[in-house]
Amino acid sequence: TAYIERLGTGTTDMIKKAKKAELKEPVFIQEDMFRTIVYREQIKEVTPQVTPQVTPQVKRLIKHFIEIMSREEIQKALNLTDKRNYVTNYQNPAIEGGYIEMTQPDSPKSPTQKYRLTKKGLALKSRIK
């Protein structure tokens, strides 16, 4: 059986289909293993009883967060060496979830950029054991 239709076209097809469906582009991570993160459409209307799931990575980040920290300080506290893994799986989901925020939002790539917990992040931290 032919599993591969055209060699090397799967990733570009995934990106095109995500854009067409107005979804966030998939993320491709090459570390020890190759991983792909595919985002699904989110429900537009959410009832107040529904609480979004917080990933284990975001919980771990929040648990180790101390006041205002740089990316490097957070990575060190989490004992993570791979920047891409940290940003993709910890920092970005924490920002998108409203748990942390940049101290310099108008200069996201500033070498002096730091991060702090939001009210939502502080509330989550108080519930993490």
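Biologist: Which charged end sits over the ring of Tyr99?

Modeller: Keep in mind that we're looking at a predicted model. The ring centre of Tyr99 has a charged group 4.8 Å away. That group sits over the ring, and it belongs to Lys120.

Biologist: Okay, on to aromatic rings. Which two residues form an aromatic pair that is stacked?

Modeller: If you search the whole structure, you get one aromatic pair. Its ring centres are 6.1 Å apart and the planes differ by 15°. Planes under 30 degrees apart count as stacked, and the two partners here are Tyr86 and Tyr90.

Biologist: In which helix do Tyr86 and Tyr90 both lie?

Modeller: An α-helix has 3.6 residues a turn, so residues three or four places apart point the same way. Tyr86 and Tyr90 are four residues apart, which is about one turn. The helix that holds both is α4.

Biologist: Is Tyr90 buried or exposed?

Modeller: The cut-off for buried is under 20% relative accessible area. Tyr86 is at 0%, so that ring partner is buried. Tyr90 comes out at 8%, so Tyr90 is also on the list of α4 residues that are buried.

Biologist: Let's stay with that helix. Where does helix α4 bend?

Modeller: Helix α4 covers residues 83-96 and bends by about 25°. A proline, Pro93, follows the bend within four residues. The bend itself is at Tyr90.

Biologist: And which residue has a side-chain oxygen that reaches to the backbone nitrogen of Arg84?

Modeller: Look at the start of α4 for this one. The oxygen gets to within 3.2 Å of the Arg84 nitrogen. Past the other end, α4 is followed by Gly98, with a positive phi near 80°. Back at the start, the side chain you asked about is that of Asp82.

Biologist: Which element gives the most to the largest nonpolar core?

Modeller: That core has 18 residues, and among those touching the most other members are Leu61, Phe65 and Tyr86. At least two residues each come from α2, α3, α4 and β5. With four residues, the top contributor is α4.

Biologist: Which residues is Leu61 in contact with, leaving aside its neighbours within four places in sequence?

Modeller: Leu61 is one of the core residues that touch the most other members. Both tyrosines of the stacked pair, Tyr86 and Tyr90, are among its contacts. The full list is Ile74, Leu78, Tyr86, Tyr90, Gln91, Ala94 and Ile100.

Biologist: Now the loops. What is the phi of Asn79?

Modeller: Most residues other than glycine have a negative phi, and most peptide bonds are trans. Asn79 goes against that sign, in the loop between α3 and α4. At 67% relative accessibility, Asn79 counts as exposed. Its phi is positive, near 60°.

Biologist: Where does Glu67 lie?

Modeller: Glu67 also has a positive phi, about 45°, although it isn't a glycine. Its relative accessible area is 68%, so Glu67 is exposed. You'll find Glu67 in the loop between α2 and β3.

Biologist: Last one: which residues does Ile15 touch, not counting those up to four places away in sequence?

Modeller: Ile15 is found in helix α1, residues 10-20, and at 22% relative accessibility counts as partly exposed. Ile15 and Val27 are 12 residues apart in sequence, with 9.2 Å between their C-alpha atoms. The residues Ile15 touches are Glu25, Pro26 and Phe28.

Terms used. Residues numbered from 1 in each chain as written. Predicted model: local features only at pLDDT ≥ 70, side-chain atom pairs only at ≥ 80, totals over all residues. Heavy atoms only, no water. Buried < 20%, exposed > 50% of the residue type's maximum accessible area, 1.4 Å probe, protein only. Contact = heavy atoms within 4.5 Å. Bend = angle between axes of the 7 residues up to and from the residue. Polar contact = N/O pair within 3.5 Å; in protein donor to acceptor, adjacent residues only side chain to side chain. Phe/Tyr/Trp six-rings, centres within 6.5 Å; stacked < 30°, edge-to-face > 60°. Lys NZ or Arg CZ within 6 Å of the ring centre and 35° of its normal. Core = buried A, V, L, I, M, F, W, Y, C linked by side-chain atoms within 4.5 Å.
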